[in-house]
Amino acid sequence: MTTERLYYSDSYTLDFDAHVVEQTTYKQRPALVLDRTYFYPEGGGQPSDTGVLNGVPVIDVQTRETDRAVLHVLDGKLNDARVEGRIEAARRLDHMQHHSGQHVLSQALSRAAQAETLSVHMSADKMTIDVNRPALSLDEWLAVEELANRIVLEDRAVRAWFPEPDELARLALRKLPDVQGKVRVVDVGGFDITACGGTHVARTGEIGLIKIVRFERRGEATRLEFKCGGRALRDYRDKNDVINRLVSDMTVGYWELPDAVKRVQDENKTLRAELKAVREQLVESEAQTLLQKATARGDWRIVTQVFDGREVGEVKLLAQKLTAQPGMVALLGIAGEKAQLLFGRAENVEADMSVLLKTALSAIGSERGGGRPNFAQGGGVPATVTQLAEAIHQAEQALPAGS
Ligand SMILES: [Zn+2]
């Protein structure tokens, strides 16, 4: 049986009573059909109301396709024949502000930027409109916001009704109805007239501020996100908090923040370059020190060294510096939770580092690693300095005698 939808003529009543006409289920949850309801079911881009029926939470409200009955989906079972309903007030007002704001904004987009609304999406924390233009200029965005907020300030009356067919034919609707049967029309103070089944405020002043917060191109369309009333205030509050924190940290005026951030980014880039140069110098001098301690084998010289935790890139650089010298073999290790072995040799040394690495890896129980004859790396298992030194020692023993 079709439910009488009381919210059509009154968006403000939140407490009501009704008779239960059917007990059913919706997606495995208990659901009730009432003879009349103020609960708004999901539809037209607007999420459903929530609230309670005889104290049991209503977690979703849906329209049944077959007979347009309104299904009140419950958190638990309810066997009463009569119920008292209460709709969650803050959520309803938020939806009313955004649904009404959307009508105003869609018309403002059409008038101030010739951008026509293609679709509307609404969720608990985000509301968007897609318009049929790939880009709008900054001036157009400003003009759209100015116009929309002027309609709010003028506090125009909003009227929703079901016109007779002849009256409907005379109305210049922005959006043609996509429903069969009786069409509900919403007139926002003569500014925007469109077909809509949603809940709206009685006067545009209740929408509060309308603010476009971001927009992005989506193919040939633009999706804009906007906030109205309470959500716009919370958004302003959150952003103001962030700005104030940054202003205090950077000790600049908020209008100077973009320049200040750019300055920090530039400094950071310069410092990174300087740090890289200094590190290279350090590694270079470290290589020189290690070369002094190299042991000779025939014409080759061998450097072995284990570090207790160190950045892999830096040790790799060290291996490169060492093996730039003819006849050099560098067998280096980094101890830690994910130990690493880095074996390298000069071009004129005829020994395969990946074979040596395998020997050392098996000593620490790892099979992860490999490389080329002149450089090989692996590890990834936990190993101490002592364990790595022993593994490197075994690899060194396996090294063929230098020519
Ligand atoms: Zn609407």
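This is a short walk through one protein chain, from its overall layout down to a few helices and loops.

Okay, ground rules. What we have is a predicted model, where local features need pLDDT of at least 70, side-chain atom pairs count only at pLDDT 80 or more, and totals for chains, interfaces and linings use all residues. Residues are numbered from 1 along each chain as its sequence is written.

Let's start with the whole thing. The secondary structure of the protein chain comes to eight helices and 21 strands; helices (H or I, at least four residues) and strands (E, at least two) are DSSP runs, numbered from the N terminus. The domain assignment gives us domain 1 (4-87), domain 2 (93-247) and domain 3 (293-398), with bounds that come from an automatic or database domain assignment. Between the C-alpha centres of domain 1 and domain 3 there are 72 Å.

How does the radius of gyration of the protein chain sit against that of a compact globule of 403 residues? The globule would be near 22 Å, but the protein chain has 36 Å. That radius is taken over C-alpha atoms, and the globule rule is 2.2 Å times the number of residues to the power 0.38. If you prefer a box, the C-alpha atoms fill one of roughly 105 × 55 × 40 Å along the principal axes.

Of the 403 residues, 32% count as buried. By buried I mean that 20 or more other C-beta atoms lie within 10 Å of the residue's own; exposed is 12 or fewer, partly exposed is in between, and C-beta atoms are placed from the backbone. As for contacts (C-beta atoms, placed from the backbone, within 7 Å), residues 24 or more positions apart account for 59% of those with a separation of 6 or more.

Now the cores. A nonpolar core here is a set of buried Ala, Val, Leu, Ile, Met, Phe, Trp, Tyr and Cys residues joined through C-beta atoms within 7 Å. The largest one has 33 residues, and those with the most contacts inside it are Ala 330, Leu 341, Phe 343, Leu 357, Ala 360 and Leu 388. At least two residues each come from β17 (300-308), α6 (312-323), β18 (328-335), β19 (340-345), α7 (353-363) and α8 (385-398). Which element gives the largest share of this core? That's β18, with seven residues. Leaving out residues up to four places away in sequence, Ala 330 touches Val 303, Ala 319, Leu 322, Thr 323 and Gly 344. Apart from this core lies another, of 28 residues, including Ala 108, Val 152, Ile 210 and Ala 232.

Let's look at α8. Its 14 residues should span 20 Å at 1.5 Å a residue, and the end C-alpha atoms are indeed 20 Å apart; the expected span is 1.5 Å times one less than the number of residues. Leu 388, Ala 391, Ile 392 and Ala 395 are buried in α8. Down the helix axis, these buried residues fall within an arc of 95°, so they line one face; the arc is that of the directions from the helix axis to the C-beta atoms. What covers them includes β17, β18, β19 and α7. On the face turned away, you'll find the exposed residues Thr 386 and Gln 397.

Same tour for α2 (138-153). In α2 the buried residues are Val 144, Ala 148, Asn 149, Ile 151 and Val 152. They sit within an arc of 150° seen down the axis, so they line one face of the helix. Their cover includes α1 and β14 (210-218), while the face turned away carries the exposed Leu 138, Asp 139, Glu 146 and Leu 153.

Just after α2, Asp 155 takes a positive phi of about 50°. In general, most residues other than glycine have a negative phi. Asp 155 is in the loop between α2 and β11 (158-161), and it counts as exposed, with 12 C-beta neighbours inside 10 Å. Gln 114 also has a positive phi, of about 45°, without being a glycine. Gln 114 belongs to the loop between α1 (89-113) and β9 (117-122).

Last stop: is Thr 204 buried or exposed? Buried, with 28 C-beta neighbours inside 10 Å. Thr 204 lies in the loop between β13 (192-195) and β14. Beyond its neighbours within four places in sequence, its contacts include Ile 151, Val 152 and Asp 155. Thr 204 and Ala 148 are 56 residues apart in sequence, yet 9.9 Å apart in space, C-alpha to C-alpha.

Conventions. Contact = placed C-beta atoms within 7 Å.
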